[in-house]
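Subject: the two-chain model

Hi,

Here is the structure I promised to send over. Have a look at it first, and then read on for what turned up.

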Amino acid sequence: MNSTMQHLNELANTLNLIVVEELIVIYSEQIEEAKREFKKYLIDFQADQIAFLSHKMKSSSRNIGAIELAELFDSIEKNPLLLTEMSYKRMLTLFANCQTSIKEWRLLNGT
Amino acid sequence: MYGILIVEDNPTDAKLLSYQIEKLNYTCHIAANAYEALDCLQKFHIDLILLDWMLPQISGMDLLKSIRSNSRSQKTPVMIVSGKNEIKDVEKAIKTGASDYIIKPVDPAILEAKLQRFLNHEIDWKPVQVNDEAESIGLASFAIRVSRVSEVGVEIETALPIQSGALIQLAIPLFQELGISKVLTKVFSSVKENSTYKLKCSIVGLKESDLQKVRLKIRTLQMAQTKVAA
């Protein structure tokens with residue numbers, strides 16, 4: 001079981017399944033928006049906007065237990081120049097892994 | 001029932017905070033930006049504000065200044081909830097008028113304890129104007145709250161890690177009423193309790209005549225606080 005699934009289990013125990021499901025839905029929407037926004041910033045570099053979006057995604061990733069994503073966003077927030085084609089590809093991979101974990105967790109919990 | 005305003009643009013943070021607050025049976029209002037927050041402050045009775053630092057357009061710090069300049073919300077406790085975790089960030093927030101600081105991710109037990117301390121008036125908190133001159137003479141200048149006053153000095157609480165032996169400058173209403181603009185004190189003990197530092201300070205740098213007034217004032221304050229606690 002990976003960190004995301006473990007964290008979602010802990011949240012379900014301390015909060016409840018409905019709230020966790022709501023968090024997942026919100027985060028999934030944020031992922032899609034972040035993909036578009038970061039892709040845009042790769043072409044049109046805006047340091048402040050990149051730092052701001054990274055900060056927001058770092059916090060949401062932590063909330064959902066996606067630790068590697070939170071670490072990646074933390075580094076980009078501190079230095080927006082770290083947003084490159086390579087780091088963007090890594091971000092997409094981590095997003096995909098996270099979505100797989102969420103899907104598995106949903107299957108296990110019947111949500 | 002107490003009304004809590006959450007000013008948070010990140011929907012997952014807002015969701016978690018609102019759930020924790022509603023679980024404590026407080027009424028919760030959510031604002032995603034400064035404009036919505038000011039609107040909520042006009043429309044609803046708000047007892048405490050949880051304010052994110054990183055907001056779009058108008059930052060949490062600018063909103064805090066606006067809250068403090070408004071007579072309606074001037075004395076409302078404002079807790080900054082932020083992922084910024086450096087001492088300089090906490091110091092800046094407190095100097096701007098924050099009542100307390102919580103670092104994300106928020107621990108529900110710490111949030112509950114801090115909310116109860118403010119809402120049950122366990123802390124005699126008042127917004128404090130900090131003398132900016134302190135920076136220019138190389139002293140740390142912090143907003144603090146007085147938890148107890150005795151003959152030997154004051155006991156204060158702060159979110160900042162301050163060590164025993166440190167020289168700090170107090171700018172608190174007690175001394176402002178006496179017309180003393182700044183008071184230097186030395187910390188003679190510092191104890192960390194959860195996220196709060198409880199300090200015992202001696203009062204130094206005062207004239208003998210001022211000390212008489214301070215003692216007189218201290219006695220009055222001590223009695224008033226005992227009454228509140230009872």
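A quick word on terms before anything else: helices here are DSSP runs of H or I at least four residues long, numbered from the N terminus. By that count, A:E77 is found in helix α4 of chain A. Please keep in mind that this is a predicted model.

**The two chains**

Let's start with chain A. Its secondary structure comes to five helices and zero strands, so the order from the N terminus on is simply α-α-α-α-α. Chain A has 111 residues, and 44% of them count as buried. Among its contacts between residues at least 6 apart in sequence, 65% join residues at least 24 apart. The chain exposes about 5,900 Å², with carbon and sulfur atoms supplying 55% of that.

Chain B mixes both kinds of element, with eight helices and ten strands. Of its 230 residues, 50% count as buried. For chain B, residues 24 or more positions apart make up 60% of the contacts with a separation of 6 or more. Its accessible surface comes to about 11,300 Å², and 51% of that belongs to carbon and sulfur atoms.

**Where they meet**

On the interface, 18 residues of chain A are in contact with 14 residues of chain B. Between them the chains bury about 1,500 Å², 64% of it on carbon and sulfur atoms. Within chain A, the residues that lose the most area to chain B are A:F52, A:H55 and A:N63, which together account for 31% of what that side buries.

There is polar chemistry across the interface too: ten residue pairs are in polar contact. On the chain A side, α1 (3–14), α2 (17–43) and α3 (47–64) each supply at least two of the residues that touch chain B. The largest share, seven residues, comes from α3(A). Sorted by type, the chain A residues that touch chain B divide into seven nonpolar, seven polar and four charged.

**Salt bridges**

Side chains of opposite charge can pair when their charged atoms come close. A search of the whole structure finds 15 salt bridges over all chains, and two are found across the interface of chain A and chain B. In one, the side chains of A:E22 and B:K15 meet at 2.5 Å, N to O.

The side chains of B:D9 and A:K56 also meet in a salt bridge, at 3.9 Å, N to O. That pair crosses between chains, from B:D9 in the loop between β1 (3–7) and α1 (11–23) of chain B to A:K56 in helix α3 of chain A. Why does B:D9 count as buried? Its relative accessible area is 12%, and the cut-off for buried is under 20%.

Inside chain B, have a look at B:D13 and B:K104, whose side chains meet in a salt bridge (3.0 Å, N to O). B:D13 lies in helix α1 of chain B and B:K104 in the loop between β5 (100–103) and α5 (108–119), so the pair ties together parts that are 91 residues apart in sequence. Both ends are tucked away by the numbers: B:D13 counts as buried at 7% relative accessibility, and B:K104 is buried with a relative accessible area of 9%.

Back in chain A, salt bridges that share partners join A:K58, A:D74, A:E77 and A:K78 into one network.

**Back to A:E77**

Within that network, A:K58 forms a salt bridge with A:E77, and the closest N and O atoms are 2.9 Å apart. This pair links distant parts of the chain, with A:K58 in helix α3 and A:E77 in helix α4 (residues 67–78), 19 residues apart. Both A:K58 and A:E77 are buried. A:E77 has a relative accessibility of 19%, so it counts as buried.

What does the side chain of A:E77 make a polar contact with? The side chain of A:H55, at 2.8 Å. A:H55 is also one of the residues of chain A that lose the most area to chain B. Leaving aside neighbours within four places in sequence, A:E77 is in contact with A:A51, A:S54, A:H55, A:K58 and B:M54, so this list includes a residue of chain B as well as residues of chain A.

Cheers

Technical notes: Residues numbered from 1 in each chain as written. Chains lettered and ligands numbered in written order. Predicted model: local features only at pLDDT ≥ 70, side-chain atom pairs only at ≥ 80, totals over all residues. Heavy atoms only, no water. Contact = heavy atoms within 4.5 Å. Buried area = accessible area lost by both parts, 1.4 Å probe. Salt bridge = Lys/Arg side-chain N within 4 Å of Asp/Glu carboxyl O. Polar contact = N/O pair within 3.5 Å; in protein donor to acceptor, adjacent residues only side chain to side chain. Nonpolar A, V, L, I, M, F, W, Y, C, P; charged D, E, K, R; others polar. Buried < 20%, exposed > 50% of the residue type's maximum accessible area, 1.4 Å probe, protein only. Areas by Shrake-Rupley, 256 points an atom, 1.4 Å probe, with all protein chains shown as cover.
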